[in-house]
Amino acid sequence: MKLVKLLCAAAVGCLMSAPVALAQDQILIKFSHVVAPDTPKGKGAEKFKELAEKATAGKVKIEVYPNSQLYKDKEELEALQLGAVQMLAPSLAKFGPLGAKEFEVFDLPYIFPNKEVLRRVTEGPIGKQLFSKLESKGITGLAYWDNGFKIMSANKPLIKPEDMKGQKMRIQSSKVLDAQMRALSALPQVMAFSEVYQALQTGVVDGTENPPSNMYTQKMHEVQKHATLTDHGYLGYAVIVNKKFWDGLPADIRTALDGAMKEATAYANDIAQNENDVSMAQMKASGKTQFHEQTKEERAAWVKALMPVHKDAESRVGKDLIESIYKEAAAAGFKM
């Protein structure tokens, strides 16, 4: 079924070397993503649609497809490269399997002490350098969008790093996330985001890691008894487009879309923290998951257990890249 779907996408893609015209002066952009419309990414996509259509005076029509309506995690990047969709906002972990291993630096536990350091990376030269790695894949990077910092959940308390031992933990496809879970003696299980709730419900996996907004909107708190506010890793997205499609747009349209994307990015990143705060409050109010806030000593134990993953990742994501982020952290007052 997947092969047929992607072959059809390839046939469509052959027709998409130039922008797709709906009417005489209207260009269609299909924006596909895998999360719910009421998440920060979902709301960001809708805001971009609103701003882009207004900025282009209706010359561009944006169709947003949330919740894996068109493609699941493993299919969407290939569909973009084939031209079956024009725009995606995949999690940054998706680019490692594509061959841009440098993006897995975002998966390193505790690499970003806070959002200030994160912004120094995504809005500065490092972020631009990373996007340049996608050009050879037929992809143009437009913006980095936040979701938030991740927490660990399972059906048992996860107070100490040792509590992770033997737990089957769902992860995105990422060598770094695999190494992270193995450093905690957990058993990493790669799985599409759309399949996680059922896997948790049926015991196929014991737990997972997610920002609160993803956990809440996918109702994972209904099938997870415990969660620890580790804030150990960052989950963000890259808004990307098919390069051939983007380069084929009229210059004035591309400029208008760039402006709309900058506004949508500011909006999406502004609401991400609020969405996570509200989601956490709603999950706590439901009483279905017990949340544990770490002490300073508990956090230090998790950091100690996971920092060796940085050293192990040097040969994969690049020692110079990791050290360049350490320098940004140091400039912001943090020693790694």
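Modeller: Before we start, helices and strands here are DSSP runs, numbered from the N terminus, with at least four residues for a helix and at least two for a strand. And keep in mind that this is a predicted model.

Colleague: Okay, where is the place of Gln218?

Modeller: Look for helix H9, which covers 212-217, and then for strand E10 at 226-228. Gln218 sits between these two elements, so by the DSSP runs its place is in the loop.

Colleague: Does Gln218 count as buried or exposed?

Modeller: Its relative accessibility is 16%. The cut-off for buried is under 20%. So Gln218 counts as buried.

Colleague: Which residues is Gln218 in contact with, leaving aside its neighbours within four places in sequence?

Modeller: Contact here means heavy atoms within 4.5 Å. With those sequence neighbours set aside, the list for Gln218 is Ala36, Asn67, Phe193 and Tyr197.

Colleague: Stepping back, how many helices and strands does the chain have?

Modeller: Both kinds of element are there in the chain. The count is 14 helices and twelve strands.

Colleague: What radius of gyration does the chain have, set against a compact globule?

Modeller: For 336 residues, a compact globule would come out near 20 Å. The chain agrees with that, because its own radius of gyration is 20 Å.

Colleague: And among contacts between residues at least 6 apart in sequence, what share joins residues at least 24 apart?

Modeller: Start from the contacts in the chain between residues at least 6 apart. Then keep those whose partners are at least 24 apart, and the share is 76%.

Technical notes. Residues numbered from 1 in each chain as written. Predicted model: local features only at pLDDT ≥ 70, side-chain atom pairs only at ≥ 80, totals over all residues. Heavy atoms only, no water. Rg over C-alpha atoms; globule rule 2.2 N^0.38 Å. Buried < 20%, exposed > 50% of the residue type's maximum accessible area, 1.4 Å probe, protein only.
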